[in-house]
Amino acid sequence: MPSNQVWDVTVSKITYMVERASTVGWRISGNPQVGQWVLVACAEGAANYVIDGTSYSVGKGDILLLHHAMQRHAASDSKNPWHFFSVGLDLEFSSESDRRALADMPCIVRAPQLLPLFQELSGMWEMKFPGYLLGCRGVLSRILYERIRLNTVRESNPAHYACVQQVLRTMREHPDVHYDQNTLSAMTGFSPSHFRAVFKSVTGMSAGQYQNQLRINKAMDLLKEGSANVTEAAYLTGFQNIYYFSELFKKITGYAPSYFCKQRQTTERT
């Protein structure tokens, strides 16, 4: 899975939300799922799952993300029955690539730090105050985001991931600065060649490509919100050559910078 996957995913429907206390006799067999996907979080205890023929021991803090096509059998541990949250949901994907990437993720990840989000979700669903569905979708989106982020960390060396995140924060804080390879590698303590390999393994692109993507995205936001014209947007994101900026902008976004200015002006007139 490329770590620069877009992940444009929307929670379109929540079919159910349950919190179930420890039960010795709990079990499921086959495919009882309601909804396209189900999120399960183990709050306490343990359970045993067989998913598409593979056995898993589930314990406190384990988060399961299961697609409806997965065949599964599960039972609560007889000596330490589990207490769990379960959410059925439908998702809309902007691309088939995003759908496949989510389906191809490991179905279980250890993430006890997400349990408070499931508790918050359960409370919203139970109380059903005005706007609760909006709140529930927001919490579920956060859970899915963290689930995807944790998978990215799992696929990378955690120490490498942390170093690259430090570099990315610096880039985001200073989009008008162009950092060369030596400067970036010095931030991590890696040699330039090792840094190149580590950066690409975490982000899926070179540092130069990432900087260009970041700066062009920032410029596009400035144009969309009307806080800068094309020349100003270029300079604010570190481009001194307006022609190179326009060429790179179109290459990355598919549109000339002026398109977003005209689009904003059309919106303001309507």
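**From a loop serine to two nonpolar cores**

In this predicted model, the loop that joins strand S8 (83–93) to helix H1 (96–104) contains Ser-95. With a relative accessible area of 27%, Ser-95 counts as partly exposed, because that value falls between the 20% below which a residue is buried and the 50% above which it is exposed. A polar atom of the Ser-95 side chain lies 3.2 Å from the backbone nitrogen of Asp-98, and the C-alpha atom of Ser-95 is 8.8 Å from that of Val-9, although 86 residues separate the two in sequence.

The elements on either side of this loop also take part in the largest nonpolar core, which has 32 residues, and in which Leu-39, Ile-63, Val-87, Leu-89, Leu-102 and Phe-118 touch the most other members. At least two residues of this core come from each of strand S1 (9–20), strand S3 (37–44), strand S6 (62–67), S8, H1, helix H2 (115–127) and helix H3 (132–155); of these, H3 gives the most, with seven residues. Apart from this core lies another, of 17 residues, whose members include Tyr-161, Met-171, Phe-199 and Ala-207.

Phe-199 leads on to helix H6, where it is buried together with Phe-195, Val-198, Val-202 and Thr-203. Viewed down the axis of H6, the buried residues fall within an arc of 110 degrees, and therefore line one face of the helix. The length of H6 can be checked as well: its 12 residues (192–203), at 1.5 Å a residue, should span 16 Å, which agrees with the 16 Å between its end C-alpha atoms. Just after H6, Gly-204 adopts a positive phi of about 85 degrees.

Conventions:
Residues are numbered from 1 along each chain as its sequence is written. This is a predicted model: local features need pLDDT of at least 70, side-chain atom pairs count only at pLDDT 80 or more; totals for chains, interfaces and linings use all residues. Side-chain values use heavy atoms; hydrogens and water are left out. Helices (H or I, at least four residues) and strands (E, at least two) are DSSP runs, numbered from the N terminus. The expected span of a helix is 1.5 Å times one less than its number of residues. Buried means under 20% relative accessible area, exposed over 50%, partly exposed in between (1.4 Å probe, protein chains only). The arc is that of the directions from the helix axis to the C-beta atoms. A polar contact is a pair of N or O atoms within 3.5 Å; within protein, one must be able to donate a hydrogen and the other to accept it, and residues adjacent in sequence count only if both atoms are side-chain atoms. A nonpolar core is a set of buried Ala, Val, Leu, Ile, Met, Phe, Trp, Tyr and Cys residues joined through side-chain atoms within 4.5 Å.
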